[in-house]
Amino acid sequence: MFNLSSVSIHMKMEEQDDKGHREAVCPGKKGALDLDAARARLAETKGPEFWRSLEELAGSPEWQEMMHREFPKGASEWLDSVSRRGFLKLMGASLAMAGMTACTKQPLEPIVPYVRQPEELVPGRPMFYATAFTLGGYASPLLVESHMYRPTKVEGNDKHPASLGGTDIFAQASILEMYDPDRSQTIASLGEVRTWGNFVEALRGPLSAQKAVQGAGIRILTRTISSPTLADQMRGLLKVYPQAKWHVYEPVNRDSVLEGAKLAFGQPVETQYKLENADVIVSLDADFLSAGFPGNVRYIRDFAKRRDPDSGKMSRVYVVESTTSATGAKADHRLPMRAGEIDQVAGLLNRFVEQGHPSDVFSSQGEKFAAAVANDLSAHRGSSVVIAGDHQPPGVHATVHAINQALGNVGKTVFYTDPVDANPINQTESIKDLVADMRAGKVDMLVIMDGNPAYDAPADLGFADALKNTNIPLRVHLGLYQDETAELCQWHINEAHYLEAWGDARACDGTVSIVQPLIAPLYSGKSAHELVATLAGQPDPSSHEVVQNYWKKQHSGADFDMFWRKSLNDGWIEGTTFAPKQVSLKTASFPAPAVPPPGSIEINFRRDPSIYDGRFSNNGWLQELPKPMSKMTWDNPVLIGPAMAERLGLKSEDMIEIELNGKKVTAPVWVQAGHPDNSITVFLGYGRRRAGRVGTGAGFDFYPLRDSADPWFIAGVTLSKTGETYKLATTQGYQTMDTPVGTRPLVRTASLDGYHKEPAFAREDEPPKDLTLYQPYPYEKEPYAWGMAIDLNACVGCNNCIVACQSENNIAVVGKEQCVIGRHMHWIRVDAYYQGDRDNPKAYFQPVPCMQCENAPCEVVCPVGATVHSSEGLNDMVYNRCVGTRYCSNNCPYKVRRFNFLLFQDWETPQLKMMRNPDVTVRSRGVMEKCTYCVQRISEHRIDSEREDRKIADGELQTACQQSCPANAIVFGNINDPESRVSKLKRNPRNYSLLADLNTRPRTTYLAEIRNPSEELES
Amino acid sequence: MDERNESTTGSRAPVIEPGHTFATVTDKISSIVLTRPTSSGWFVGFGIAFLLTMMMLYAIGFLFVRGIGIWGVTIPIGWGFAIVNFVWWIGIGHAGTLISAILLLLRQSWRNSINRFAEAMTLFAVSAAGIFPLIHVGRPWLAYWLFPYPNSMGVWPQFRSPLIWDVFAVSTYATISLLFWFVGLIPDLATLRDRSTNRAAKIIYGMLAMGWRGSARHWDRYETMYLLLAGLATPLVLSVHTVVSFDFAVGIVPGWHTTIFPPYFVAGAIYSGFAMVLMLAIPIRKIYGLEDFITERHLQNSAKVMLATGLIVAYGYVIEAFMGWYSGNRYDAFTMWNRLHGPYKWDYVALLLCNIVIPQVLWIKKLRSNPLALFLISGVVLVGMWLERFIIVVVSLHRDFLTSSWGMYYPTRWDWMTFIGTIGMFLAAMFLFVRVLPMISIFEMRTLLPEAEVKE
Amino acid sequence: MKRTPVYGMMAEFDSPTTLVAAAHRTQEAGYQKMDAYSPFPIEGLAEAVGFHKNRVPLVTLIGGLIGGLSGYLLQYWISTSSYPVNVGGKPYHSWPAFIIVTFEMTILFGGISAVLGMLALNGLPMPYHPVFNVPRFAFATKDRFFLIVFASDPKYIPAETRRFLESLGGRAISEVPD
């Protein structure tokens, strides 16, 4: 605070021009501290806008630098993360001046609570509203918890077929994005704060000019859009300006899926899978269980259902993949292979499915694999499914369509519908044309809606360069952040977050959800609907009207209000689901593509498991979320297989230079067990220059290597060791259960046959209950005894539970430096273990929350009784009593306890205050914390049930991790009730407790993992 | 009182060189405090120690401002330098009481010339140790919650926790040691009172002497009390490190959960304690010319005690290794493997060298009686004992049950500043002690003289 | 005739042996109220001056018992009635865990009462005492030994007592004013 005021006083003094300063400095790195820029920017803005520009400053690199300087000398080298946190405080101070806290009011338009009646708000009672989160055009239907008109927690819409209550990490973390203090908070023109009025004013001239030429100079670039309303608006706009063009681009696009469909059926179709009907699942580089894959939430649910070994019909999964993925980890048989070679496997598969394999001599491992898979597939015609990965070339997709047709899976496990994408065009081509037009000077007015092409467009197009150097008279950017693209546009419109504005979008099955805002725009941002309407000349439109009017048109009839109300209430619009589509194969034979030379090294570009294409890089929850396979946080090292690493003499954390036809990127290496040889994988989305204080500077940018010709993989990179090393922050240093003195039975597994032969294989002889000097506590006499069972077979390591827990329990983000030393705060973690052949190991996931031991070792050693047992068997933490000896953590064999070594929580930033769950204490420095089985939810339900004079029903009470789990892997409930789901699971022979021999008697137990390998490949 | 005869008929090296009378003994020792001018060397030494103390206070101050995150501790290594240093200092603090109490009961009257500063050393070591439990907690300003006091929250400490046992054991030990040391001083304070020419000194020493006049009745009660105190302090001194070892033995961490800890912690404590006594005694007797009172005999005996306790410690290591294998427990077995082959293996090797291999040279009489050699070996032992605690605390914690939660520990500059700072504080206190108080018990020295014997 | 109040008659000796002998002879001579001063404890001197019942051990015992008892009862009361909580499934009255604190409390109270008991019984602290009026008494804490016969002794007659002490070989005999 002191720093802030002193600085601002200095800044008011003299005036100067600041053009071009913003590129100059880059936080974190040593850049010239530029007070002048700050002063000038302040001097230029006057009156009521003063604080606004202060904030804007605050967001800007100079400010961060300045704040750094305000620290005691060397603060940053004492502990960078500490000074970073300190910096956050100062940020908070500046925002406090903004009177941010005044911004929580309900939108004026009537929005409809989900279920709770009466509608008027009961303080302390959360309300739930149905809305939807959109990623890559696909909507995830949500219920959002709102406390006193503040959205605090995202849940899946359990009534919606595309969710069934599950969510993915991006939806879960979107709540933090909405409250992100780094979000763009003003409309700006050339870095100066402007009003919406100014913008509309500025549009008038150019638009009328375009009228004359039918908008020949207008180009609008959007991300993939599935919103019927927005699509309709765009088409309307194109009617007004017939010559205008609508371009679409996302770095993570589905072009090859589209082209594949065209190749196979001559028309773009959406492919959907019914995995619950599939006995055999074959994935050709398709990571269909990971967040970001359209429909993954539903797929995980169906997949998990069929992986239950007790159901009698457990499915079998074959995965051929070019990198390591959660899907590969769950496979019964996995074949690591360079992406470029998978095409051949597809071809072979296609041939063998039709003709079968001629002999039992195989020229290659791939062929053997293909033959076995083909046999299994042919044995399960109509009940099998083959899925191709989005980044596989169109040929593969076409081939896979052919195979599914040949197997008669279509209509049973595979369905075709109209594309969800409202404008299904080849996005790479689209942005190519756009850049061409820009260079040709055909563009007078470029509107970039909600995208960041300056950062993520194909390198060979040089979009950023085109944007900067071809002087397009009017460049408008609409976005949540003042990012790399905003920097190059004269006008930046701060976008309203989806939780702040009305809209609609289609889920993967085509069902339309209305996007309801839960809060008035924090920074009076504008939605795409409003921008397009404005371009179309509509005076001062509201997204609510726009959306509602569109649906009025669709839903003729007097009962519109009823219809609208119901749609809002349910979270989707009746009858908008796409009907399956009959399509016929044009040809069954496709040209085999060129095979990359065996020796050459292939590079794979993948969306990041945590921050997608970079759009979430300022989201602390996602940045700190360990990536499923490597458990890496805050960085995107180059993944490389063990054999190759050995060959090249590379170790994890070595820096290498990657060269791909002339272009170079330097990045650290991570040796990833199971990664195919002669191939490296890089995740996109890092190395942002203008992401915000969280994302800026984190990781390495690989977009410069990515060309429009080969957006997903290309052979021919050369690697050279630079000699430097780079510290990486992984949350799990050791990913094996093997030690020099034997393997530890942490994850217990068996084959399906083995399981049938010996069902109780997992039951390590637990010490008998009476093996104690003491009288055991009579939990069985209590009405409730809470327990949890985690089905390792179901868990696909999607990390949802982690983010859900973080959101529900106000868990702090600690930053990279702290993660490096091992101080991450997640209450539930997902351990990933590898076993066997390092080049193609078996991989297992194990979510580990607090075990809530009945004989809790942590409690006995606490000198102040800050962690004690509740009568219902919870291992309670009494934060107020904790003095922080950390003895409990030392004595916890599961190491699930987390300690606030520093003031990790942000106590100042008003937005974050608004985001917090009011039912959960915000922990302070020096206090131990850990999973509580969501005790706040238990209390809430206990109170309700007592008021209604009944017991808490089974399933009524869900922990946050359980609720968000798309796989239903986590089951929580009352183990005193023999009929509860958790009790049943605990009676399951697969049930075992971790480290049972310590006699801690954990309440959380695991169901051992069963794999279903095929004899043919086992032999 | 055979000692006296020996001191005259020197079969063994005497505990006090011949030719001394009550007067000479009194003068020699009290003059160090009363008349001897303070040397510049003293000022330099004290100055350095004082600066180190200030450094410690700075480090602790910053700790309070930022939190213990400035240290290297993390999950899974929740305890680092703080606890290592605590145990180390407490261990060192064992020598004093052991010498004063146990050797008194064993009638080892050679102790008379070293018990006084050994006790002082104990006090300062214990206070150095006492700092760490207070500052290592996450919220130091609440550390007093470990004491059972009635409060408005209506909550009490949890008496099953070894940390509470620590609180009682350490505070009791500090109190008893202080009493022991102070009552031991009373007669000498009276001497100083009567000998000092400076009025201020006369008053201060007079106050502290509480009017001691050496009455026969007083001496009788005094000696009874002294013996009783020794009798109480003996089990106490053994209990303190036992309790400290419970901090670990009660935990379930492999490498902690073992029954050998109490005995070998106590032995280790005496081991390091005597090492520290020697490190102090050797330079002091040289500088203040006290070779007559702290004779080769004392050095010899201390060396023998070190040799013995060192072997007990070695036995502890052997048993640990043996049980690691014999128990058949996969976690214990790995912990042993990890000590020998893990990332901290060099610390373990150094530990074995310092605590077991090198001290064996003490079998050689020549070295036992060579002050310089003893000084160096004592230093080695102190390093070794510190490493032992490091191995026990850090190396056990950094790889326990779940491989997924293994981690590494890297001390920060703040850890080092605090540790070295406490050494400075300890030395500063020692410097003050030798300057203002008789570092050798004068009245007990008198009893060692031949003429102190009542001839019938 | 008027006399200044007298505390006793003090004689100086130069070795423990002579002092003890003198003390014995004084007693044999029928004196009961006397005391001796020495720079270090001397075996048998206390008996020689007729001191027999030393209560320090009793005080210590009582103190120790009180300490131990209160220590255990405190824990028992806290863990079973004042603040009973389920800690790791252990019973409220986990007696094995309570032993250590009990032990430490015994030592603490025992030790403190031993020291305080000694001081109290010795009547210390006592900054002023008549014997300090004797100039040479300063050597009582160095290398001289003193015997005093109190004026309160029935057999005390200054002239005779002085002569008697001289006969014991005492030097620098002086009357100690009260």
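A salt bridge here is a side-chain nitrogen of Lys or Arg within 4 Å of a carboxyl oxygen of Asp or Glu. By that rule, the side chains of Asp310(A) and Arg990(A) meet in a salt bridge, at 3.5 Å from N to O. The two partners sit in distant parts of the chain, 680 residues apart: Asp310(A) is in the loop between α12 (296-306) and β10 (316-321) of chain A, and Arg990(A) is in the loop between α34 (981-987) and β38 (991-992) of chain A. Helices (H or I, at least four residues) and strands (E, at least two) are DSSP runs, numbered from the N terminus.

This is a predicted model, in which local features need pLDDT of at least 70 and side-chain atom pairs count only at pLDDT 80 or more, while totals for chains, interfaces and linings use all residues. Residues are numbered from 1 along each chain as its sequence is written, chains are lettered from A and ligands numbered from 1 in the order in which they are written, and side-chain values use heavy atoms, with hydrogens and water left out.

Back to that first pair: how exposed or buried is each partner? Asp310(A) is partly exposed, at a relative accessible area of 38%, whereas Arg990(A) is buried, at 1%. The cut-offs are simple enough: buried means under 20% relative accessible area, exposed means over 50%, and partly exposed is in between (1.4 Å probe, protein chains only).

Chain A as a whole has 35 helices and 40 strands. Of its 1019 residues, 66% are buried. Contacts (heavy atoms within 4.5 Å) often reach far along this chain: of those between residues at least 6 apart in sequence, 74% join residues at least 24 apart.

Over all chains, the structure holds 66 salt bridges. One of them pairs Arg838(A) with Glu646(A), with the closest N and O atoms 2.9 Å apart. Arg838(A) lies in the loop between β31 and β32 (842-848) of chain A, and Glu646(A) lies in helix α25 (residues 642-648), so this pair ties together parts that are 192 residues apart in sequence. Arg838(A) counts as partly exposed at 36% relative accessibility, and Glu646(A) counts as exposed at 57%.

Another salt bridge joins Lys663(A) and Asp707(A), whose closest N and O atoms are 2.7 Å apart. Lys663(A) belongs to strand β23 (residues 663-671) of chain A, and Asp707(A) to the loop between β24 (679-683) and β25 (713-725), 44 residues apart. Lys663(A) is partly exposed at 26% relative accessibility, while Asp707(A) is buried at 18%. Elsewhere, Arg125(A), Glu940(A), Asp944(A) and Arg947(A) are joined into one network by salt bridges that share partners.

Next come the places where chains meet. Between chain A and chain B, the contact takes 61 residues from chain A and 60 residues from chain B. Together the two chains bury about 5,000 Å², with 57% of it on carbon and sulfur atoms. Buried area is the accessible area (1.4 Å probe) that two parts lose on being put together, summed over both.

Across this interface the rule finds one salt bridge. Lys895(A) forms a salt bridge with Asp400(B), and the closest N and O atoms are 2.8 Å apart. There are also 33 residue pairs in polar contact, both at pLDDT 80 or more. A polar contact is a pair of N or O atoms within 3.5 Å; within protein, one must be able to donate a hydrogen and the other to accept it, and residues adjacent in sequence count only if both atoms are side-chain atoms. By class, the side of chain A that touches chain B has 32 nonpolar, 15 polar and 14 charged residues. In this scheme Ala, Val, Leu, Ile, Met, Phe, Trp, Tyr, Cys and Pro count as nonpolar, Asp, Glu, Lys and Arg as charged, and the others, Gly among them, as polar.

Chain C meets chain B too, with 65 residues from chain C and 58 residues from chain B in the contact. About 5,400 Å² is buried between them, and carbon and sulfur atoms give 71% of that. On the chain C side, Pro41(C), Thr141(C) and Lys142(C) lose the most area to chain B, together 12% of what that side buries. Here, too, the count is one salt bridge: Asp35(C) pairs with Arg217(B), the closest N and O atoms being 3.6 Å apart. Polar contacts link 24 residue pairs, both at pLDDT 80 or more.
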